[in-house]
Each structure stands twice: as structure tokens, then as C-alpha cells.
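Student: Could you take me through one part of this model slowly? I'd like a close look at the aromatic rings and what sits around them.

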Amino acid sequence: MRAWQYETIENGIENSLKLSTSAPVPTPKPNQHLVRIIATALNPVDYKPAEVPLMRRVAAPKQATPGIDIVGRIAKPASDSPLKVDQLVFGMAGASAFAGGALAEYDVADIKAVVAVAEGLDPVDAGSIGVAGLTAYQSIMPHIKFGSRLFLNGGSGGVGIWGIQIAKAAGCDVTVSCSTANVELCRSLGADQVLDYKKSPVLEQLKQEKPFDHVVDNVGGDYDLYWRCHEYTTPSAKFIGIAASPNLSFFAFAAKVRLVPGFLGGGKRKYAGLFAEPKTDQLEWIAKLVAEKKARAVIDERFAFDKAPEAFRKLKTGRARGKIIVDVAGELGNL
């Protein structure tokens, strides 16, 4: 089969991927489906760990293929699965959390990681839910109740777009941050208040707002948002960080969070990181919102399969509005 692969990363994943025309079709285990991939949606987790040499050696196979989010058709269903051959499915593929294998014509997917594309749901929209949708759901829903005030740092990226809509469906009052260019997009998705970080520092704007009950950081890097979150949150608020880059500054931050108590200069609110777990009921819940027109996918750009390195180059700019899709099978125009 055709598959984009890398052995080592030099000067970025976009410069290290090579297209193989003879990669072996993966052999599924009894609890895995074999899926013929139609399209994959890219996520930061598809390249950030791979570009850290130690994590690359430990977590990814020697010949690694990136990509986790998929929409595709069942080529061989898992044992005891109700899904049938040729049935359209979406979700998360692969056996590796950091090299899922979706940038290939075939991939495996755990029986608990994909669900059928329901009637009324656009397959491309379904394929964009995956990691971003589940990350948004799991960073918000366990921590809020109807009427909670929620701040999402970063409202126009893949996770933020789903986060706004999931939180509004759950009855939250939602404030987000974004650049001037994306203010109207965030408002159109349901954000009650949009903070334009181009106009003034987000932290200073937050301190002018009524205290928030929950915070999700979809951007990362500005650690003052956590160290000073007691200045703009309620005492019981939690701070969820989901955009960490595996570098020395983050590891130092994480060590201080863990080891230094609040009265000695540490954080005064509970901090937690998050790595999304496949949950079929949550995939179906988000998909139902989309099918019922209560939420919508936002697609920034579609790339042909042979332009996958360019798709990564666009993703790494950090300026995508919504999801970047790679058309693996060349069938998106026919679905």
C-alpha cells in the first residue's frame, strides 16, 4: 500500500516524510478493525512528540506513519463487531498514540475507537472530530455544570472550535481568546465573550471579567495564565492544559506544579494535563450534535494525499482556522 513514513526527523516532520508505495498492509488483532482510509485530519500530536528524539525512539515504530483521526470504510471488521465490510466509520486509528498510521491507504483501529457514520452526518465532518473533539469533550464535560462560566484559551483551533460548541450545548457561559481575524468565527460558533489577544494581554482582560469556574488552555506556553489563574477564577476552579510541547520549559513548569505548594509560590488552583482517550459514546454524542445542526465542523483546508508534507507545514504555522484534512483515497469529492 501507499503510506507516508519517516525513520528519523530532521528539520521537521514536513521535511522528513517519504512516500512509500510498498508499505505492508497492517494485520489487525481480533479486537481491531482493518480500515481502508478515505481521509485523515491532522493534529499537533501527529508531529510534536515525533520531533523530540527521545520520545520518537521510545514511542514510535522504526518506520512510522503519522495520523490518528480517520474516516474510512471497514475492510475487515473486528471479531464480534456489529460493523460490516464497507461500512463507513470515523474515529481514531492506529496502535501507537504518537504514530497512528492514518496517512496510509489502510490502518487498524481498535473496536472501541471508531463508530459508524450516522445518516445525516457528512463524512468529512465526521473525520474531523477524533482527537480534537474528544479532547474538547474530556477537558470540559467532567468539570462543568449547567451555567458554569468557562474560559477557553484559544477558540479558533481544532480543539477550541469543538470546545465552544460542546460547552454551549452543555449550557455554559463561554469566553474564549483568539486573534482579531478569528473573533467573528468564535462568535458564530456560540462564544458569549471573545478576548482579542492582539488588542491587549489576555491575562489583563481576564481580570476584568467575572470569575470563571473552569479553564482550558488550548494554546500552551504562557504559564502565567496558570500561575495567576487565582486572580480570575473561583476557588474551586480547575485549569486543564492540553497543548503542552514536550520541551524543557514545559517539564520545568510541570515539575513546579507538582512539587511547589501554593503558599511557597506554586499554583493556587488544581492543574491537570489531558491526553484524549477513545470513547465511542463521546464520539457519537458529538456527531449527533453535528447531524442535528447543533454544532458544525470547521475545515481550514483540504490537501491531496501527495501533498501531505504541505499539510503539516500549514498545521505547524499555528494559523489554521479549524481542521486540516488530507484526502488519502482521493474520494472526498464523491462522498
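**A close look at the aromatic rings**

Tutor: Sure, let's start with a group: Tyr223, Tyr226, Trp227, Phe239, Phe253 and Tyr271 make up one aromatic cluster. Keep in mind that this is a predicted model, where local features need pLDDT of at least 70 and side-chain atom pairs count only at pLDDT 80 or more, while totals for chains, interfaces and linings use all residues. Residues are numbered from 1 along each chain as its sequence is written, and side-chain values use heavy atoms, leaving out hydrogens and water.

What counts as a pair? Rings of Phe, Tyr and Trp (its six-membered ring) pair if their centres lie within 6.5 Å; planes under 30 degrees apart are stacked, over 60 edge-to-face, and the rest tilted. Searching the whole structure turns up 12 aromatic pairs. In one of them, the planes of tyrosine 137 and tryptophan 285 sit at 75 degrees with ring centres 5.3 Å apart, so this pair is edge-to-face. It joins distant parts of the chain, 148 residues apart: tyrosine 137 is in helix 3 (residues 130-140) and tryptophan 285 in helix 9 (residues 280-291). Helices here are DSSP runs of H or I, at least four residues, numbered from the N terminus.

Back in the cluster, tyrosine 226 and tryptophan 227 form a tilted pair, with 5.2 Å between centres and 55 degrees between planes. Both are buried, meaning under 20% relative accessible area (1.4 Å probe, protein chains only). Tryptophan 227 also has lysine 256 over its face, 4.5 Å from the ring centre. For a charge to sit over a ring, NZ of Lys or CZ of Arg must be within 6 Å of the ring centre and within 35 degrees of the ring normal.

Definitions and conventions
Helix = DSSP H or I, 4+ residues; strand = E, 2+ residues; numbered from the N terminus. Buried < 20%, exposed > 50% of the residue type's maximum accessible area, 1.4 Å probe, protein only.
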